Amino acid sequence: MNLSIRKYASLLATYLKFQKGRVAVLGVLMAVSLGLQLVSPQILRRFLDSATSGGDIDLVVRLGLVFFGVEMLERLMNVGSSYVGADVGWRAMNRLREDLIAHCLRLDMSFHNRMTAGEMISRINGDVGVLTNVFSQFTFVVVLNVLMMFGAVLLLAREHLIGGIFYAVYGTATLCLFYHFRQTFSDLHLENRKARADHSSFLEERLGGIDDIRSSGAIDYTQFIFGEKVKAVQNTGLAARMMSDRLMAILGVVPTLGYFLCFFVSAWYFQQGEMTIGTVVLMLQYVNMVFRPVRRLTIQVRNFQAAGVSVTRIDELVSATSEIVDVG
């Protein structure tokens with residue numbers, strides 16, 4: 001199941017346009033945080049080189065205070081962006097829930113006879129809840145993490161051209177690896193969402209007809225079917241979780257190899273006297289900035305694929321029409 005980018009963009013534009021001010025604040029906070037993260041290693045290098053070379057103690061103290069201030073400001077930007085992003089996401093989700101409920105109330109009884117209460121709860125509450133991340137920070141996180149990778153590679157190439165080119169290729173290959181497995185994860189998540197909706201629908205219907213089940217002697221049969229529904233939820237959820245963990249394990253090994261290579265090469269250059277300790281630390285920081293966005297983007301793309309299931313189900317609900325046509 002591939003999520004249509006057009007559907008995603010339309011949904012995002014519809015429910016974020018009434019929060020332009022908050023969205024702008026969120027973008028500024030995340031952009032400032034990105035800039036501070038790229039500048040921080042440069043300050044740390046000067047601090048370490050000045051401290052290890054016996055430089056002016058006043059300069060070392062000033063650099064230490066500047067580094068501390070930059071790190072604290074970057075943390076404050078992260079806290080602020082998390083708060084604003086959550087606020088934006090919840091406002092958008094509540095507006096979407098209101099619109100879905102209003103749309104369903106305008107449909108005739110043929111629709112409500114087809115849709116059980118459990119299915120409606122799963123779609124209006126569960127599916128919309130999955131979109132929290134998409135509404136709050138998805139677009140900004142993806143764009144800014146791509147910019148972080150690009151900026152880190154450029155600054156890395158500025159220090160060591162071959163290293164910059166190598167890690168640019170290495171990071172891109174890691175993203176391509178996840179892209180290759182994305183469809184399998186998305187399909188498994190779709191199966192799990194369907195199983196959960198089926199379980200909720202079954203439970204709601206049987207609780208409503210519990211007297212009929214008892215009078216007809218169908219208690220054992222109902223319990224057996226309920227167990228099968230629970231198994232379906234557990235099995236599909238376990239399969240999706242295992243696929244997710246497998247991907248995260250692979251994407252955990254690849255950066256580790258990249259860090260090891262950076263340690264090895266930096267240590268060799270340091271022993272040859274071609275790198276200072278500050279430059280070694282700076283290289284490691286920028287290599288981390290190449291792989292840290294890979295992990296974040298992996299999580300975001302995984303969430304996006306999961307959200308695609310919800311967007312598709314919401315689109316099906318919005319597309320439902322009444323069989324009774326109002327001709328005025």
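This is a short guided tour of a predicted model, with suggestions for what to select at each stop.

**The whole chain**

Start with the cartoon view of everything. You will find 10 helices and zero strands, so-called α elements that follow one another as α-α-α-α-α-α-α-α-α-α along the sequence. Now switch on the surface. About 17900 Å² of the chain is exposed, and carbon and sulfur atoms supply 65% of that area. Of the 328 residues, 42% count as buried.

How much of the contact count comes from residues 24 or more positions apart? Among contacts with a separation of 6 or more, such residues account for 87%. Several of the stops below let you look at individual examples.

**Stop one: a salt bridge between helices**

The structure holds six salt bridges. For one of them, select E159 and R45 and show their side chains: the closest N and O atoms are 2.8 Å apart. This pair links distant parts of the chain, with E159 in helix α6 (residues 132-159) and R45 in helix α2 (residues 20-52), 114 residues apart.

Which of the two partners is buried? R45 is, with a relative accessible area of 16%, a value under the 20% cut-off for buried. E159 is partly exposed, at 25%.

**Stop two: salt bridges within one helix**

Next, select R75 and E71. Here the closest N and O atoms of the salt bridge are 3.2 Å apart. Both residues belong to helix α3 (residues 57-105), and because they are four residues apart there, about one helical turn separates them. R75 counts as partly exposed, at 44% relative accessibility.

Move on to helix α9 (residues 219-271) and select K231 and E228, which lie three residues apart, about one turn of the helix. Their side chains meet in a salt bridge of 3.8 Å, N to O. Are these two residues buried or partly exposed? K231 is partly exposed, with a relative accessible area of 45%, and E228 is partly exposed too, at 35%.

From these pairs, turn to a linked group. Select R22, D87 and R91: salt bridges that share partners join these residues into one network.

**Stop three: a nonpolar patch**

Bring the surface back and colour F166, F260, L261, F264 and V265. Together they make a nonpolar surface patch of about 470 Å². Where does the largest share of the patch come from? Helix α9 supplies it, with four residues.

To look at one member, click on L261, which lies in helix α9. L261 counts as partly exposed, at 33% relative accessibility. A patch residue needs over 30% relative accessible area.

**Stop four: aromatic rings**

A search of the whole structure finds one aromatic pair. Select W268 and Y269 to see it: the ring centres are 5.2 Å apart and the planes meet at 80 degrees, so the pair is edge-to-face. W268 is partly exposed, with a relative accessible area of 43%, whereas Y269 is buried, at 18%.

Another ring worth selecting is that of F18, together with R95. The charged end of R95 sits over the F18 ring, 3.9 Å from its centre.

**Stop five: F67 and its contacts**

Return to helix α3 and select F67. At 22% relative accessibility, F67 counts as partly exposed. Which residues does F67 touch, leaving out those up to four places away in sequence? They are S40, I43 and L44. Now add V39 to the selection: V39 and F67 are 28 residues apart along the chain, and their C-alpha atoms are separated by 9.4 Å.

**Stop six: G129 and its contacts**

Finish with G129 in helix α5 (residues 117-130). G129 is partly exposed, at 28% relative accessibility. Setting aside neighbours within four places in sequence, G129 is in contact with M93 and R97.

For a last distance, draw a line from the C-alpha of G129 to that of A307. These two residues are 178 residues apart in sequence, and the line spans 9.3 Å.

Conventions
Residues are numbered from 1 along each chain as its sequence is written. This is a predicted model: local features need pLDDT of at least 70, side-chain atom pairs count only at pLDDT 80 or more; totals for chains, interfaces and linings use all residues. Side-chain values use heavy atoms; hydrogens and water are left out. Helices (H or I, at least four residues) and strands (E, at least two) are DSSP runs, numbered from the N terminus. Buried means under 20% relative accessible area, exposed over 50%, partly exposed in between (1.4 Å probe, protein chains only). Contact means heavy atoms within 4.5 Å. Accessible areas come from the Shrake-Rupley method with a 1.4 Å probe; for residues, only the protein chains shown count as cover. A salt bridge is a side-chain nitrogen of Lys or Arg within 4 Å of a carboxyl oxygen of Asp or Glu. Patches are made of residues with over 30% relative accessible area and no salt bridge: like charges are joined within 9 Å, nonpolar side chains (Val, Leu, Ile, Met, Phe, Trp, Tyr) within 5 Å. Rings of Phe, Tyr and Trp (its six-membered ring) pair if their centres lie within 6.5 Å; planes under 30 degrees apart count as stacked, over 60 as edge-to-face and the rest as tilted. A charge sits over a ring if NZ of Lys or CZ of Arg is within 6 Å of the ring centre and within 35 degrees of the ring normal.
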